[in-house]
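Please open the model in your viewer and keep the selection panel at hand, as this tour goes from one selection to the next.

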Protein chains: 2
Amino acid sequence: MKQTDHRIRVTKMLIRRAFTDLLSRKPIQSISVKELCALAGINRGTFYAHYTDIYDLQEKLEDEMTLDFQKALDPLLHSGKEKPTPLAITAGIFKCLKENMDICTMTLGPYGDKEFASRLINLGRESYIESYSRLFSGATSRQLEYYYAFVSAGCIGLLEKWLADGMTDSAEELAATAEGIMSHGIRFLKAPAL
Amino acid sequence: MKQTDHRIRVTKMLIRRAFTDLLSRKPIQSISVKELCALAGINRGTFYAHYTDIYDLQEKLEDEMTLDFQKALDPLLHSGKEKPTPLAITAGIFKCLKENMDICTMTLGPYGDKEFASRLINLGRESYIESYSRLFSGATSRQLEYYYAFVSAGCIGLLEKWLADGMTDSAEELAATAEGIMSHGIRFLKAPAL
DNA sequence: GAAATAAATCAACAGTGTGTTCAAATATCG
DNA sequence: CGATATTTGAACACACTGTTGATTTATTTC
C-alpha cells in the first residue's frame, strides 16, 4: 500500500514542480495538461495515470500540503503542558508558511487558490476560538461568526501583502501586527508592540 | 460613436444575464463560449463580434459595473457640504452592493472574482483613508499599509458571509459591524452598537 | 416608406487540447 | 535474473475554439 516505487515519486515531484512553476506565472485555468507535461518532461499519458485533470492535481497537491502543514503545526498546538497564547499560534502558523514558500505560491500568490489559504488558516482557528470565546462569552454567536469571517479573510489579505513584499518582515512581527489589529482594530497603530 | 443600436444592447444584455447565471453555478474556467451562447440564445459568431473570449467578457462587464457602482456611490461621497463619516461611507457601499445583487454574484459568490471585489471596495477607500490618517498621524506608513491590507480583505470576507447568509441583515447593521471590528477589533463584541 | 447600413445568423473550416487506448520500452523490486 | 509495475509513444474520436464568407434580418437615415 505504501508508495515505494521510486519512479512514481519522481514523476509526482516533476509534476509538482512544473505545476507550482506555471502557477507562479499564470492562472490555473490557462494551464493545459499538455504544457504542464512538456515542462515537467513527462508523457501526457503518465499524467493521466495519476490525475484526471489539472484541477484534480491541484486538489491532491493541496491535500498533501495540508497534511504537511498540519504536521508542522501539531507540535506547536499540543506539545507543551501550557496552552499556547493566540499570538504564539498565529506566529507559529506564519512561520510555517514562511518555511514553505511553495505553498504560498499556491495560495497567496496572484494566481493562488484563496479558498485553500482560508482552509490552512482555519487549521489553527479552533484553538484560537477557544481562547477568545471564553473572554467574550457575552457576544452572540452571529457576531462571533461575522468577526471570524472578517479576521480570517483579513489575515489572508495581510499574508498576501507580506508575500508580495518579499516576506521581509519576520513571522513574529507579522503575527504581532495581525494580533494587534484583531484585538484592538485601528488603535493598534498607536500601540503597535502590544 | 454612441451605442444606439437596439440589437446590440439586447445581445449584450442576453450575454450578461447568461453569464451571471452560469457564474452562480460554476467557476468561470469551466464556462465555454458555446454553452454561454446556447443559454443566451444567440449565435456563437455574435459573441465573437463583441468579445474575444470569456475572460474578455468578464473584464468588460466588470469595467461596466465599476462605472455603475462609482456613479451610484458618487453622490454619497461628494454631495453634502459635510464630509461623510467613515460609517456612512461603509454603509453606502454596502447599500450599493445590496441593490446590485448581480454584481455580488460576480464578486462575492463562491465562484466570484475576489480581485474585482477588492477593487470595488477600494473605490471608497480614499475617503476612508483620509478620515483615519488624520486621527493616527503617528503611525508608520508601513503599518498603515498592513492595516488596510487586513481590513479591506476583512470587509470582503464579511460581505461574502453576508451574501452566503442571504443578505438578511441590513446594510447599516453590517456596516456597523465592519466599523466596529475595524475600530476596536475583538472588543467590538462587547459594544456592538458603538 | 424605401434605400442604405449595420447586426445577427448559419454553415463550414482548420487548429488545438482532451481523455482514452494499445503495444512496446524501460525501470524497479523481490 | 526474472516478474512486475511504470512510463512511453502513437493513434484515436471528441469537443471547443476562433475565424471566414454568404445570407437573412433588423435598424437608421433620408
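Which residues surround DNA strand C most closely? Select DNA strand C together with the residues near it, where near means that a heavy atom of the residue lies within 4 Å of the strand; 20 residues surround it, and the closest are A:Lys34, A:Arg44, B:Thr11, B:Asn43 and B:Thr46. Of the atoms of DNA strand C that come within 4 Å of the protein, sugar and phosphate account for 65%.

This is a predicted model, in which local features need pLDDT of at least 70 and side-chain atom pairs count only at pLDDT 80 or more, while totals for chains, interfaces and linings use all residues. Residues are numbered from 1 along each chain as its sequence is written, chains are lettered from A and ligands numbered from 1 in the order in which they are written, and side-chain values use heavy atoms, with hydrogens and water left out.

Next, select A:Lys34, where a polar side-chain atom lies 2.9 Å from a phosphate oxygen of DNA strand C, and then B:His50, where the corresponding distance from a polar side-chain atom to a phosphate oxygen of the strand is 3.1 Å. At A:Val33, show the backbone, since there a backbone N or O atom lies 3.0 Å from a phosphate oxygen of DNA strand C.

Finally, select chains A and B, and lay chain B on chain A by a turn of 180° and a shift of 0.0 Å along the axis, which gives an RMSD of 0.1 Å (a least-squares superposition on the C-alpha atoms of residues with pLDDT of at least 70 in both copies). The two copies are therefore related as by a two-fold rotation axis.

Conventions
Polar contact = N/O pair within 3.5 Å; in protein donor to acceptor, adjacent residues only side chain to side chain.
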